[in-house]
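The exercises below ask you to work from the coordinates and then to compare your result with a worked solution.

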Amino acid sequence: MERVSVRNIVEFILRSGDIESSASGVRDAEAMRQGTRLHKLIQVNSGPDYVAEVPLGVEMSGSYAGETIELCVEGRADGVITDSLVDNSIVINEIKTMYMDVSKLTVPFPMHQYQALCYAAMWFMRNDDLNQITIRMTYCQITEATRYKDLVIKEFEEIVERDKTLEWFQNLVNEYAKWIIWSMKWKETRDASIKSMSFPYEYRKGQYDLVKGVYLSILRKKKLFLQAPTGVGKTLSTVFPAVTAMGEKIAEKIFYLTAKTIARTVAEDAVRIMTDNGVMLKSITLTAKEKICVKENVECNPNYCERAKGHYDRVNDAVYDMLCNESTISRDIINEYAEKYKVCPFEMALDVTNWSDIIICDYNYAFDPKVCLKRFFADNMNKDYVFLIDEAHNLVDRARKMYSARLSKELVMDVRRSVKNYDKRLYNALDKINNNMLDYKRSCDEFEVIDSVDNLVFGLMRTLAVFDAFLKDVLPGIKDFAGKDNLLQLYFDIRFFVNIYELLDEKYRIFMDYTDGGEFGITLQCMDPSVNLKEYLRKGRSAIFFSATLLPVKYYMGQFGGDEEDYAVYAESSFDPSNCLVMLATDVSSRYTRRNETEYKKIASYIETLIVARKGNYIVFFPSYKMMCDVLDNMEDPDRLSHPTRYIVQQPGMDEEDREEFLQCFQEKNDETVVGFCVMGGIFGEGIDLRDDMLIGVVIVGTGLPMVGNERELYRQYYDDECDKGFEYAYLYPGMNKVLQAAGRVIRTVTDRGCILLLDDRFMQNQYRALFPREWKDCVSVNVNTMSGYLERFWNE
């Protein structure tokens with residue numbers, strides 16, 4: 001028997017009309033917290049006959065196209081009132097809290113009315129002697145009020161008849177049954193295909209153990225931290241066992257999470273390999289709204305975008321058509337169906353995720369409180385989701401940013417000026433915020449850590465209610481409001497700042513500083529994202545973190561909320577270590593104190609010695625753009641080298657087309673040596689796949705340590721206090737990760753041969769060498785004179 005919720009049925013089947021980008025419709029942590037408080041306040045003051053939070057569930061049949069299924073429809077009514085003085089008098093109460101001024105409502109919101117009507121139908125089904133029920137929609141404005149008499153409440157009531165309500169409810173369930181019947185049939189077909197599937201290739205060295213480890217982690221509801229060297233086939237080795245678990249009804253849905261677009265393509269390829277081998281899977285790749293929007297500007301407004309107008313009247317037909325005819329749903333397929341049905345491609349794609357087996361998307365959709373997929377993660381229910389987190393080393397900084405918030409004083413001032421002639425209440429509220437921030441600014445010379453921003457946040461909470469009223473009642477009446485973008489930016493910044501404030505604990509620091517442009521701001525900085533990530537991860541069954549550079553693994557386990565009973569595996573490389581020559585220069589450095597013409601000439605000499613030893617393609621990675629240019633100025637004229645050579649240079653602000661043009665220079669059959677000069681940690685530092693002879697050597701100048709700055713020093717101080725590893729956590733581990741990622745560009749397949757040259761004497765120190773992967777155990781120390789011999793022997797083998 002399929003279990004479905006009232007809310008899911010109502011929101012999916014009964015939605016209609018246009019997409020409206022209404023800021024007041026945003027749900028956030030603060031609104032939910034306040035909503036829970038106000039719910040309880042209303043419930044305890046609603047009389048002795050009021051029963052709060054009444055669970056309702058009915059078993060019933062749903063029919064579509066001659067087929068019938070049994071469903072268990074479940075929900076929870078906010079309140080049920082039984083009048084003890086009147087027989088069979090029942091009131092079903094649905095409570096909704098919102099920032100807007102509810103006293104101005106003239107009718108209830110249809111979705112809320114439908115939800116209450118469903119609960120009435122379910123109550124009728126449990127009580128045969130009832131002929132009428134009153135449904136009540138109670139709207140309460142979110143404020144700081146703590147007494148019931150101070151609440152702003154608006155109520156709407158309607159008496160509903162038994163027969164009409166039950167008929168309406170049955171029709172609704174029948175309409176939803178269409179989707180459930182499709183889903184059940186699909187899962188039967190899918191699971192049957194999975195049972196007969198086998199791994200699509202012969203297992204590489206160590207790959208079977210890797211697949212087994214992922215499967216057992218999912219089975220046992222554990223997290224797995226996987227250091228997987230390039231070439232072990234980590235994508236297929238994680239997707240295959242996750243799909244196996246799905247076929248055994250262990251996993252409900254698979255989220256393949258990435259940081260970069262190229263990794264999503266690799267995931268799509270892995271799924272396609274399986275489907276080409278007969279496995280039936282529905283996968284979808286989500287693209288950011290800004291990239292997939294058909295309009296020049298992203299504005300979900302029916303007056304601006306024809307796709308937004310009537311979107312909900314057409315989208316379900318579009319989704320059903322796509323599900324019946326497509327399996328691996330890419331960006332191009334989404335655009336095709338969106339064009340066919342004239343709907344928003346982004347919103348349609350989100351609806352398709354409800355019915356997909358595998359969702360390939362950015363980290364944000366699972367972990368970011370701003371944009372995570374609320375349909376999967378909004379409630380506190382634990383589901384059998386499996387998170388496959390690719391290139392997991394990127395998640396540390398991304399997660400810290402996700403759970404941090406900043407408020408700009410200049411933005412407050414700008415919006416205050418723009419609303420001055422339109423709304424005195426909002427102007428005054430923002431004026432108070434501005435004055436409050438001015439007090440903080442006066443005590444900040446450059447960078448200051450502070451203990452509390454309680455007064456500021458209380459003012460922001462009060463401002464949100466005024467802001468909501470402006471957005472709903474005033475802004476729509478202003479033609480061509482010039483400051484709209486900044487207005488909405490500030491609105492969402494305030495909301496998010498208040499939300500993050502609710503998360504503050506010992507893993508946060510609050511600081512004030514100025515941007516390079518002199519703008520003052522206050523930041524709630526997440527120092528350790530483990531607790532926040534764990535809150536999202538617990539909503540799934542298992543998480544597999546994998547990367548070629550997940551060293552040291554204990555550091556990443558700590559940052560990602562790993563437990564002692566979770567697993568960590570170092571996958572065995574399938575590459576022959578003799579195919580890679582790793583050289584450490586002993587007499588050169590990128591330290592700031594040694595950056596001079598002499599050192600630049602020495603670095604240039606090492607690069608020239610490497611590239612003249614064999615014609616081919618090379619990339620040199622530098623710690624900064626400036627140092628790259630300084631060394632390039634000291635390189636020998638390429639026309640004077642022993643074989644034809646061309647230098648190409650990464651430029652600031654390269655777009656996707658520039659990036660592709662740069663990579664096209666690395667052709668396998670070049671008639672010349674091509675040397676790319678790039679910045680470590682930049683767009684070419686990871687995520688590019690130059691196989692075979694497209695790249696035969698990488699030079700890494702420096703240890704990749706982040707620049708010393710106020711925020712970075714804050715991390716160092718924090719982790720010195722926490723575990724006496726401030727330098728390691730703030731500088732060493734992030735820096736070496738960039739080094740290892742850059743080095744990983746050169747050996748991509750089992751047949752590749754290539755060199756890695758590390759140019760910094762600090763690589764000789766134990767704390768750096770301890771972070772070398774096992775595959776570098778035979779690295780050799782060289783100087784510019786001895787290097788040629790090693791290269792000659794290596795290339796002649």
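**Exercise 1.** How many of the residues of α11 are buried?

*Solution.* Bear in mind from the outset that the model is predicted. Start by delimiting the helix, since α11 comprises residues 345-353, and then examine the relative accessibility of each position against the cut-off for burial, which is under 20%. The outcome is that 9 of the 9 residues of α11 are buried, and the helix is therefore described as mostly covered. Listed in order, the buried residues are Pro 345, Phe 346, Glu 347, Met 348, Ala 349, Leu 350, Asp 351, Val 352 and Thr 353.

**Exercise 2.** Describe how α9 packs on α11, and establish which residues make the contact.

*Solution.* Two packed helices are described by the angle between their axes and the distance between the axes. For α9 (residues 311-325) and α11, the angle is about 50 degrees and the axes lie 10 Å apart. That angle makes α9 oblique to α11, and the crossing of the two helices is right-handed. On the α9 side, the contact is formed by His 311, Tyr 312, Val 315, Ala 318, Val 319, Met 322 and Leu 323, while α11 contributes Glu 347, Met 348, Asp 351 and Val 352. Sorting these contact residues by character gives 8 nonpolar, 1 polar and 2 charged.

**Exercise 3.** Determine whether Ile 9 and His 39 are buried or exposed, and identify their contacts beyond the immediate sequence neighbourhood.

*Solution.* Ile 9 lies in helix α1 (residues 6-13), and its relative accessibility of 2% means that Ile 9 counts as buried. Once neighbours within four places in sequence are set aside, Ile 9 is in contact with Val 4, Leu 14, Val 73, Leu 172 and Tyr 176. His 39, by comparison, belongs to helix α2 (residues 29-44), and at 15% relative accessibility His 39 also counts as buried. With the corresponding neighbours excluded, the contacts of His 39 are Glu 53, Asp 78, Ile 95 and Thr 97.

**Exercise 4.** Check the end-to-end span of α18 against the expected value, and list the buried residues of α18.

*Solution.* Helix α18 runs over residues 484-501, and its 18 residues, at 1.5 Å a residue, should span 26 Å. The C-alpha atoms at the two ends of α18 are 26 Å apart, which agrees with that expectation. The buried residues of α18 are Leu 487, Leu 490, Tyr 491, Asp 493, Ile 494, Arg 495, Phe 496, Phe 497, Val 498, Asn 499, Ile 500 and Tyr 501.

Definitions and conventions
Residues numbered from 1 in each chain as written. Predicted model: local features only at pLDDT ≥ 70, side-chain atom pairs only at ≥ 80, totals over all residues. Heavy atoms only, no water. Axes fitted to C-alpha atoms, helices over the stretch in contact; angles between N-to-C directions. Helix = DSSP H or I, 4+ residues; strand = E, 2+ residues; numbered from the N terminus. Parallel < 35°, antiparallel > 145°, perpendicular 65-115°, else oblique. Left-handed = near helix turned anticlockwise from the far one by under 90°. Contact = heavy atoms within 4.5 Å. Nonpolar A, V, L, I, M, F, W, Y, C, P; charged D, E, K, R; others polar. Expected span 1.5 Å × (residues − 1). Buried < 20%, exposed > 50% of the residue type's maximum accessible area, 1.4 Å probe, protein only.
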